[in-house]
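Student: I am new to this structure and would like a close look at one part of it, with some help finding my way outward from there. Please take it slowly and connect the pieces as you go.

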Amino acid sequence: MAVKEGLRYTKDHEWIKVEGDTGTIGITDYAQEQLGEIVFVELPQVGKQFAAHKEISVVESSKAAGDVYCPVAGKVTEVNAELESKPELVNEDCYGAGWICKLKIADKKALDELMDAKKYEEYLKAL
Amino acid sequence: MQGSTTTGTFVFESRAVEPGPSVLYDEHVKRTGKSHISAFAGYLMPLWYSSIAEEHRAVRERAGLFDCTHMGVLEVAGDDAAAFLDIVTTNRVSSMSIGRARYGYILDAAGNVLDDIIVYRRGEHNFMVVVNAANEPKIKFYIRELIDEHAVVDTEDSAWAEKLPGLDVAVWDMRDPNRPEDRRVDLALQGPASIETLARLTDERLAVDRITGLKSFAFVEERLAGIDCLICRTGYTGSTVGFELFIDPDAAPRLWNLILDAGGPLGVLPCGLGARDSLRIEAGLPLYGHELDGRFNISPFEAGYGWAVKLEKDFFIGKAAMRRIAATYSMEVARIEWPGTKGIRPVRQDDAVLNERGECVGWVLSSAKVEEKQYSLAYVDRNMAREGTRLGVYYLARSPAQVQQGRKERVEKGTRLKADLAGVVSARFPKF
């Protein structure tokens with residue numbers, strides 16, 4: 001299961017990449033692998049505020065629907081509209097072209113509560 | 001409490017068991033990640049190896065091999081085995097020829113479906129009965145209760161109850177590790193390349209001819225690569241060509257690998273439970289708990305299998321209820337085709353089915369994506385089940401956030417809603 005350096009991770013298998021005040025959000029390799037072939041991604045509305053751990057997106061495969069929770073509080077600034085017609089990008093490149101949305105992070109201190117790549121890898125091993 | 005109630009309903013409390021490996025577990029973990037293996041009916045079974053879509057396609061275009069060793073396999077033997085099965089199951093058994101199989105039901109005296117089964121006649125007094133994995137403990141218990149005179153046989157006429165204990169019949173679990181010989185578990189090889197694959201496992205021309213010549217629901221007992229196989233032209237995929245192979249559990253890993261090695265050059269793939277489900281849905285075949293029994297208590301008539309319930313038979317357990325249902329049922333299972341290109345939200349179980357005016361006329365029981373379409377089996381008003389009828393679907397809320405936005409979590413019949421997706425009723429049992 002691929003884990004990418006430089007990202008922060010949640011226990012629910014979301015990742016966030018931080019650049020300045022902006023966080024890019026997606027689901028991890030482990031999560032996409034669990035879901036199987038992803039056929040639909042419900043994207044959040046641009047401009048909407050989300051509290052941490054609130055559901056921000058739903059990713060559906062032919063077998064299951066998985067909730068995506070917001071790793072930290074913030075406001076959605078951009079969504080990956082390409083997923084509307086190519087949801088399989090989440091399977092193919094979950095840390096790259098399969099990103100879900102970008103967020104203006106309300107408080108960057110909240111990022112400290114998330115795991116780094118090494119911790120997340122340990123967390124996966126214990127599952 | 002467990003057993004029959006006075007109204008004839010048979011109650012069984014299934015015990016939660018720690019799921020164990022199927023006899024092919026070691027082969028599965030060689031071919032797929034552990035994260036693709038899931039507990040199903042008490043066994044750890046593969047959901048998929050490559051992908052559900054790829055395995056589905058392999059069965060339609062070439063062939064696929066399924067681990068069905070979790071299915072229950074019972075032997076019913078004795079001078080009165082046929083008479084016993086004629087009482088306990090809905091289809092005709094006494095009139096079957098040796099080497100033939102028949103689909104039918106085991107009901108309780110109130111007419112509830114306890115399982116759908118296939119009966120194989122191996123001899124004048126010897127039958128093999130294949131039951132669903134999830135129902136196996138219940139069926140074994142029920143049959144024991146019937147033989148021991150504890151279960152209600154008929155709520156109206158007790159004459160038949162008296163016949164059962166006098167019958168010369170014994171029931172054995174053919175997968176039981178303690179059984180000394182003739183143990184059997186099920187592997188399924190389904191799809192057009194199945195015959196060519198099996199032919200590569202034997203040098204005997206006549207055996208190939210006998211396998212090739214099998215009619216639907218007929219079987220032969222042959223040796224393939226030195227392994228005793230009961231080879232039957234049955235399956236759960238809708239494939240015109242497809243076999244179930246009943247073999248000794250100890251030989252299962254070897255035959256599994258032999259088939260995949262021989263079939264590899266033909267494009268034969270191992271297939272998991274995911275493709276098993278999408279194939280049977282596309283083919284319109286019912287799954288117990290979804291299109292049979294389940295929360296709507298769906299009868300064989302509503303499921304589209306009235307032909308497997310022989311009301312002309314003198315008696316079978318549940319007959320009075322079946323006669324009543326056959327005359328009055330108002331809903332049935334329809335197969336609906338929806339668009340299914342990527343980016344369309346998948347239709348799921350319990351989603352509401354709407355008529356052209358937007359009124360709820362039923363609910364989705366099972367659904368699968370197949371190539372650029374989705375197929376649902378849905379429980380709908382009978383006048384909505386005709387091929388060509390236009391229907392809509394309303395997606396139930398998939399998450400708490402959607403509930404907050406006003407999406408319903410449950411829809412009653414007659415509720416008026418706006419359809420999220422439009423589809424059409426297609427032929428119930430397509431052939432592939």
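Which residue in β10(B) stands opposite Gly72(B)?

Tutor: Happy to help! Please keep in mind that this is a predicted model. For chain B the mean pLDDT is 95, with 100% of its residues at 70 or more, and the model as a whole scores ipTM 0.80 and pTM 0.92.

Your residue's partner is Val131(B): Gly72(B) stands opposite Val131(B) in β10(B). The pair belongs to an antiparallel match in which 6 bridges join strand β7 (residues 72–77) of chain B to strand β10 (residues 126–131) of chain B.

Let's step back to the sheet around this pair. In chain B, 5 strands form an open sheet in the order β8-β9-β10-β7-β11, with antiparallel pairing. At the edges stand β8 (101–107) and β11 of chain B, and each has a single partner strand, so one side of each is left without a neighbour in the sheet. On average, neighbouring strands of this sheet are turned by 30° against each other, direction ignored.

Two helices pack on this sheet. Helix α3 (residues 81–88) of chain B touches β7, β8, β9 (113–123) and β10 of chain B, and its direction makes about 125° with that of β7(B). Helix α4 (residues 136–147) of chain B also packs on the sheet, touching β7, β8, β9, β10 and β11 of chain B; the direction of α4 makes about 75° with that of β9(B).

Now follow the chain out of the edge strand β11. The loop between β11 (170–173) and β12 (185–190) of chain B holds Arg183(B). Is Arg183(B) buried or exposed? Arg183(B) counts as buried because 21 other C-beta atoms lie within 10 Å, and a residue needs 20 or more for that label. Arg183(B) and Asp173(B) are 10 residues apart along the chain, and their C-alpha atoms are separated by 8.5 Å. Leaving out residues up to four places away in sequence, Arg183(B) touches Met174(B), Arg175(B), Asp248(B) and Pro249(B).

A hairpin elsewhere in chain B shows another antiparallel match. Strand β13 (residues 219–224) and strand β14 (residues 227–232) of chain B are joined by 6 bridges, and Glu222(B) stands opposite Cys229(B) in β14(B). There are 2 residues between these hairpin strands, and Ala225(B) in the turn has a positive phi of about 50°.

Further along we reach β20, which has antiparallel partners of its own. Strand β20 (residues 373–381) of chain B has 7 of its 9 residues buried, so the strand is largely enclosed by the rest of the structure. One partner is β17(B), joined to β20(B) by 9 bridges; here Arg335(B) has Leu377(B) as its bridge partner in β20(B). Another partner is strand β19 (residues 360–370) of chain B, with 8 bridges to β20(B), where Ala368(B) stands opposite Tyr375(B). β19(B) and β20(B) form a hairpin with 2 residues between them, and Glu371(B) in that turn has a positive phi of about 50°.

Met331(B) lies in strand β17 (residues 331–339) of chain B. Met331(B) is buried because it has 21 C-beta neighbours inside 10 Å. Beyond residues up to four places away in sequence, Met331(B) touches Glu302(B), Gly362(B), Tyr379(B), Val380(B), Asp381(B) and Arg382(B).

What about the nonpolar interior? In soluble globular proteins, nonpolar side chains tend to be buried together. The largest nonpolar core here has 118 residues, of which Leu187(B), Val353(B) and Ala378(B) touch the most other members. Setting aside neighbours within four places in sequence, Ala378(B) is in contact with residues including Ala334(B), Ile336(B), Val353(B) and Trp363(B). Another core, of 32 residues, lies apart from this one, with Leu7(A), Ile25(A), Val39(A) and Cys70(A) among its members.

Finally, here is chain B as a whole. Chain B has 12 helices and 22 strands. Its radius of gyration is 22 Å, close to the 22 Å that the globule rule gives for 432 residues, so chain B is as compact as a globular protein of that length. Its C-alpha atoms fill a box of roughly 60 × 60 × 40 Å along the principal axes, and buried residues make up 46% of the chain. Of the contacts in chain B between residues at least 6 apart in sequence, 68% join residues at least 24 apart.

Key:
Residues numbered from 1 in each chain as written. Chains lettered and ligands numbered in written order. Predicted model: local features only at pLDDT ≥ 70, side-chain atom pairs only at ≥ 80, totals over all residues. pLDDT = per-residue confidence, 0-100. Helix = DSSP H or I, 4+ residues; strand = E, 2+ residues; numbered from the N terminus. Buried ≥ 20, exposed ≤ 12 C-beta atoms within 10 Å, placed from the backbone. Contact = placed C-beta atoms within 7 Å. Rg over C-alpha atoms; globule rule 2.2 N^0.38 Å. Pairing = 2+ DSSP bridges. Axes fitted to C-alpha atoms, helices over the stretch in contact; angles between N-to-C directions. Core = buried A, V, L, I, M, F, W, Y, C linked by C-beta atoms within 7 Å.
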